[in-house]
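Here are my notes for your first read-through of this model. Keep the viewer open and click along as you go.

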Amino acid sequence: MIIGDAGRLHQVVTNLLANARTHTPAGTEITLSVGAENDCAVIRVHDDGPGIDPQVRDELFARFARGDTSRARQTGGTGLGLAIAKAIVEGHHGTIAVASEPGDTTFTVRLPLTPTSAAPTSY
């Protein structure tokens, strides 16, 4: 069980899926997986698109970072989605990371699991 703000955690997944859709060409396969590893919930968003330019990868989670600076304001985002996702994940004591090469990009979110016995009881 994850103790946290369901709306904000939903926003993380939404941001990751929206980025995958926006920054990959038509026909790209995007997959979402959720599981548990050790004491963490693990969410992965994977795509088989062109990959992320290594020159921007290190700054991807910074505010106003944009992978394609040539994108028009109407079609591109503000560059806040991944920074917001990172802040939400870290606020839940988790981590977010990306691994990318052409044809294989994966964003991985790890959130600590709370034992069911330690979870608050709802009435």
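1. Start with F61. In this predicted model, is F61 buried or exposed? Its relative accessibility is 15%, and the cut-off for buried is under 20%, so F61 counts as buried. You'll find F61 in the loop between α2 and α3, so don't skip the loops when you hunt for buried residues.

2. Now look for the ring that pairs with F61. The count of aromatic pairs comes to one. Its members are F61 and F107, with ring centres 6.2 Å apart and planes at 80°. Planes over 60 degrees apart count as edge-to-face, so that is the label this pair gets. F107 sits in strand β4, 46 residues away from F61 along the chain, so the pair links distant parts of it. F107 is buried too, because its relative accessibility is 8%.

3. Stay in the loop between α2 (54-57) and α3 for a moment, since G79 is there as well. With a relative accessible area of 16%, G79 falls under the 20% cut-off and so is buried. G79 and F61 are 18 residues apart along the chain, and their C-alpha atoms are separated by 8.8 Å.

4. Next, the core. The largest nonpolar core has 20 residues, and those touching the most other members are V12, L16, L60, F61, I96, F107 and V109. Which elements give two or more residues to this core? They are α1 (6-22), β2 (40-47), α3 (81-91), β3 (95-101) and β4 (104-112). The largest share, five residues, comes from α1. As background, nonpolar side chains in soluble globular proteins tend to be buried together.

5. V12 is a good residue to click on here. Leaving out residues up to four places away in sequence, V12 touches A85, I88, V89 and V109. Three names from that list turn up again in α3, whose buried residues are L82, A83, A85, I88 and V89. What covers these buried residues of α3? The cover includes α1, β3 and β4. Just after α3, have a look at H93, which takes a positive phi of about 65°.

6. On to the sheet. Four strands form an open sheet in the order β1-β2-β4-β3, with antiparallel pairing. Note that the order in the sheet is not the order of the strand numbers. The edge strands are β1 (30-37) and β3, each of which pairs on one side only. From one strand to the next, the twist averages 15°.

7. Go through the sheet pair by pair. The antiparallel strands β1 and β2 are joined by eight bridges, and S33 stands opposite R44 in β2. Eight bridges also hold β2 and β4 in an antiparallel pairing, where I43 has V109 in β4 as its bridge partner. That is the V109 listed among the core residues with the most contacts to other members, and V12 touches V109 too.

8. Last stop: β3 and β4. How many bridges pair these strands? There are seven, again in the antiparallel sense, and T95 has R110 in β4 as its bridge partner. The hairpin of β3 and β4 has two residues between the strands, and G103 in this hairpin takes a positive phi near 85°.

Note on methods
Residues are numbered from 1 along each chain as its sequence is written. This is a predicted model: local features need pLDDT of at least 70, side-chain atom pairs count only at pLDDT 80 or more; totals for chains, interfaces and linings use all residues. Side-chain values use heavy atoms; hydrogens and water are left out. A nonpolar core is a set of buried Ala, Val, Leu, Ile, Met, Phe, Trp, Tyr and Cys residues joined through side-chain atoms within 4.5 Å. Buried means under 20% relative accessible area, exposed over 50%, partly exposed in between (1.4 Å probe, protein chains only). Contact means heavy atoms within 4.5 Å. Two strands pair if DSSP finds at least two bridges between them. Axes are lines fitted to C-alpha atoms, for helices over the stretch in contact, and angles run from 0 to 180 degrees between N-to-C directions. Rings of Phe, Tyr and Trp (its six-membered ring) pair if their centres lie within 6.5 Å; planes under 30 degrees apart count as stacked, over 60 as edge-to-face and the rest as tilted.
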